[in-house]
Amino acid sequence: MTSLIQLIYISRSTFAPAELSNIIEPNVARILLKSRVNNKKNGLVGVLYFGDGCFFQCLEGTAESVDQLYETLLNDTRHKDLKILSRKSIDALSFSDWSMKHVQLEDGMIKLLKSQGLKTFDPYNFNAEMTKNALELLHSTKDVTDAVLLEDVNLQASQLDNQITQTPARQTDYKSLILYALIVLVLLGSLVIFLK
Ligand SMILES: Cc1cc2nc3c(=O)[nH]c(=O)nc-3n(C[C@H](O)[C@H](O)[C@H](O)COP(=O)(O)O)c2cc1C
């Protein structure tokens, strides 16, 4: 029989959260889109929470699949300072309906943090009790991110990326225009002097 495990780890994002009008951060949307496809293939389930620049992820599946993904995660440059909060054997998958659940639970999490005297989501200060409570909260909160929403955020983020890469080209065009105008002025000046 293959042994099932549950792994909870935390990390810090290396990207500055983008301020789009959507309810989900575009980098997180991209991670979720990829995770949901891959995890289904690999029989993995779990939940991903992102708040105040920190990730909190719970992964469940066979020890082999979870550990393999964790190795991949260690090399993902979108986050750093990975720290395992818990790794234990389980009898059954507790997130069996989710290849990767995502919840936005500002109110619930704020309440939980407050109860522990914490002001921001800083899982590096979580003790075992707080980790358990946070996981319970993630279990009981609804996921509102369907595939359509994630694709929509991903598209908007790509459009932003394109705008950023196009900006230097536009600046060059502007500079060339000023240069052409100066050349025309010098030529006109020379013509006036010549005609005198
Ligand atoms: C915080 C975080 C959580 C992630 N969670 C998962 C996950 O649950 N499953 C997954 O396949 N990839 C996840 N990724 C992405 C992986 O690091 C990696 O980019 C991806 O598995 C590569 O997939 P590919 O080989 O199909 O391109 C996560 C990345 C980050 C930064």
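Here are a few notes on this predicted model, taking the sheet, one strand, two odd residues and the ligand in turn.

1. Start with the sheet. Five strands make it up, and if you walk across you meet them in the order β4-β1-β3-β2-β5. The sheet is open, and its pairing is mixed. Now look at the ends: β4 (79-90) and β5 (101-102) are the edge strands, and each has a single partner, so one side of each has no neighbour in the sheet.

2. Next, find β3, which pairs with β1 and with β2. With β1 (residues 4-13), β3 runs antiparallel, and 9 bridges hold the pair together. Two spots are handy for checking this on screen: Leu-7 sits opposite Leu-59 of β3, and Ser-11 has Phe-55 in β3 as its bridge partner.

3. On the other flank, β2 and β3 are also antiparallel, this time over 7 bridges. Here you can look for Leu-48, which stands opposite Gln-57 in β3. How much of β3 is buried? Of its 9 residues, 7 are buried, so the strand counts as mostly covered.

4. β2 and β3 form a hairpin, with 2 residues between the strands. Asp-52 belongs to this turn, in the loop that follows β2 (45-51) and leads to β3. Its phi is near 50 degrees, which is a positive value in a residue that isn't glycine. Is Asp-52 buried, exposed or partly exposed? Asp-52 has 14 other C-beta atoms within 10 Å, and that makes it partly exposed; the cut-offs are 20 or more for buried and 12 or fewer for exposed.

5. There is another aspartate to check. Asp-81 has a phi near 55 degrees, again a positive value in a residue other than glycine. Where does Asp-81 lie? You'll find Asp-81 in strand β4. With 10 other C-beta atoms within 10 Å, Asp-81 counts as exposed, because the limit for that class is 12 or fewer.

6. Last, the ligand. There are 16 residues around it, and those that come nearest are Ser-35, Asn-38, Phe-55, Asp-76 and Arg-78. Three elements give two or more residues to this shell: α1 (26-42), β3 (54-62) and α2 (63-74). Which element gives the most? That's α1, with 5 residues. By class, the shell holds 6 nonpolar, 7 polar and 3 charged residues. Phe-55 is worth a second look: it is one of the residues nearest the ligand, and Phe-55 is also the β3 partner of Ser-11.

Key
Residues numbered from 1 in each chain as written. Predicted model: local features only at pLDDT ≥ 70, side-chain atom pairs only at ≥ 80, totals over all residues. Near = placed C-beta within 6 Å. Helix = DSSP H or I, 4+ residues; strand = E, 2+ residues; numbered from the N terminus. Nonpolar A, V, L, I, M, F, W, Y, C, P; charged D, E, K, R; others polar. Pairing = 2+ DSSP bridges.
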